[in-house]
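Open the model in your viewer and keep the sequence panel beside it. The tour goes from one selection to the next and says what is there at each stop.

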Amino acid sequence: MPLAFLSSQFLQEKILDFTEQDLVNLRRPLPIPPHPTTTPFLPFFMSIYLVIMSSVHYEECVHKILKLNIAEGQEKEVCTMLIDCCAMEKMFNRFFVLQAERLCRLNPVYQDNFTESFGIQFNTVHRLETNKLRNIGKFFAHLLYTDAIPWSIWAQVKITEDTTTSSSRIFIKVIFQELSEQWGVKKLVDRLNEDELKPFFTGLFPKDHPKNVRFAINYFTAIGLGVLTEDLRGFLEEANARAAHEAQRAAEERAMDESSSSSSSSSSSDSDSDSDSDDSDDSDSDSSSSDSSDS
């Protein structure tokens, strides 16, 4: 075969590069950052967002974040960015919460900021769409069952009809169902029964009023975790028995008071009749004596 023909055929062939050297190390196309930005802080937010979204592994991302010159007080923005990125996903992605867990273990400042963020998210959860609500709920559930944040965050939650909304109840439901799925019900019950943590759960399992007790029992039963309310059920039974006993004793006291008042009234009427009879006898004797003296 002529050499000229081979060279022309070689030039016409398209050479494909399968070495992946030209691929950009991006996990996904970068959408608009979810966090509201202002002009002075735009470079900082964009750098954080690009680091998060351009990392393949969560440890790589954490390493890049720690190498950034993050000023004191700006750690909160990193936490908010991770939560917002997680909320944007169509399905829950552990990539973001693994970064959050790692940051909490490496720096207590991030742990404090995620603890504060839980309260903010719980108070504003009614503004979120259902999908974002579920993603954020699973985000904090992961931080809880890995002990990346303290369980004292439940001190700011009170489950009553007046203090919760439908969105906040769904939020708590997602968290507890995820905890039950990851740990199992037995371990979850053991954690809730720890003496040093019980003061933080008084809002989750209120005992201040029978109405709130019944609401909490019905709520956890409806989400399939009625086993968590065994202590509340015992407390409610004791409260009902105590109330019934007090009502019975009050009824007995009222009956005794009525009987004593009736007996006292009858005795007073008897004494009045006796005094009337005595007066009549005295008047009769006086009249008879006056008649005898006249005669």
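Is Cys86 buried or exposed? Select Cys86 and show the surface: the residue is buried, with a relative accessible area of 1%. Bear in mind from here on that this is a predicted model.

**The cysteines**

Stay on Cys86 and look for a partner for its sulfur. The closest cysteine sulfur belongs to Cys85, 8.8 Å away, which is too far for a bond. Now select Cys79. Cys79 is buried, with a relative accessible area of 0%. Its sulfur has its closest cysteine sulfur in Cys104, at 6.7 Å, again too far for a bond. A disulfide needs two cysteine sulfur atoms within 2.5 Å. By this rule the count of disulfides comes to zero.

**The whole chain**

Zoom out and switch to a cartoon view. How many helices and strands does the chain have? There are eleven helices and zero strands. Read from the N terminus on, every element is therefore an α in the run α-α-α-α-α-α-α-α-α-α-α. The chain has 295 residues, and 35% of them count as buried. Take the contacts between residues at least 6 apart in sequence: 70% of these join residues at least 24 apart. Turn on the surface for a moment. The chain exposes about 17900 Å², with carbon and sulfur atoms supplying 53% of that area.

**Helix H8**

Select residues 166-183, which make up helix H8. This helix has 18 residues and reaches 26 Å from its first C-alpha to its last, close to the 26 Å expected at 1.5 Å a residue. Colour its buried residues; among them are Ser167, Phe171, Ile175, Glu178 and Trp183. What do the buried residues of H8 pack against? Their neighbours are helix H6 (108-123), helix H7 (130-145), helix H9 (185-192) and helix H10 (210-222).

Now pick out Phe171 within H8. Phe171 counts as buried, at 0% relative accessibility. Leaving out residues up to four places away in sequence, Phe171 touches Phe118, Phe122, Val125, Leu133, Ile136, Gly137 and Phe140. Take one of these, Ile136, and draw a distance to it. The C-alpha atoms of Phe171 and Ile136 are separated by 8.2 Å, although the two residues are 35 apart along the chain.

Move to the end of the helix. Just after H8 comes Gly184, which takes a positive phi of about 95°.

**Asp147**

Go back along the chain to the loop between H7 and H8, where Asp147 lies. Phi of Asp147 is near 60°, a positive value in a residue other than glycine. Asp147 is partly exposed, with a relative accessible area of 38%.

**Salt bridges**

Show the charged side chains next. How many salt bridges does a search of the whole structure find? The search finds eight. Three of the pairs are visited here.

Begin with Glu116 and Lys76, which form a salt bridge with their closest N and O atoms 3.6 Å apart. This pair links distant parts of the chain: Glu116 is in helix H6 and Lys76 is in helix H4 (residues 75-88), 40 residues apart. Glu116 counts as partly exposed at 41% relative accessibility, and Lys76 is partly exposed at 30%.

Next, select Glu101 and Arg105. Their side chains meet in a salt bridge of 3.3 Å, N to O. Both residues lie in helix H5 (residues 94-106), four residues apart, about one turn of the helix. Glu101 counts as buried, at 15% relative accessibility. Arg105 counts as partly exposed, at 47%.

The last pair is Lys186 and Asp190, joined by a salt bridge with the closest N and O atoms 3.4 Å apart. Here too the partners are four residues apart in one helix, H9, about one turn of the helix. Lys186 is exposed, with a relative accessible area of 64%, and Asp190 counts as partly exposed at 41%. To finish, select Asp147 again together with Arg191 and Glu194: salt bridges that share partners join these residues into one network.

Conventions:
Residues are numbered from 1 along each chain as its sequence is written. This is a predicted model: local features need pLDDT of at least 70, side-chain atom pairs count only at pLDDT 80 or more; totals for chains, interfaces and linings use all residues. Side-chain values use heavy atoms; hydrogens and water are left out. Buried means under 20% relative accessible area, exposed over 50%, partly exposed in between (1.4 Å probe, protein chains only). Helices (H or I, at least four residues) and strands (E, at least two) are DSSP runs, numbered from the N terminus. Contact means heavy atoms within 4.5 Å. The expected span of a helix is 1.5 Å times one less than its number of residues. A salt bridge is a side-chain nitrogen of Lys or Arg within 4 Å of a carboxyl oxygen of Asp or Glu. Accessible areas come from the Shrake-Rupley method with a 1.4 Å probe; for residues, only the protein chains shown count as cover.
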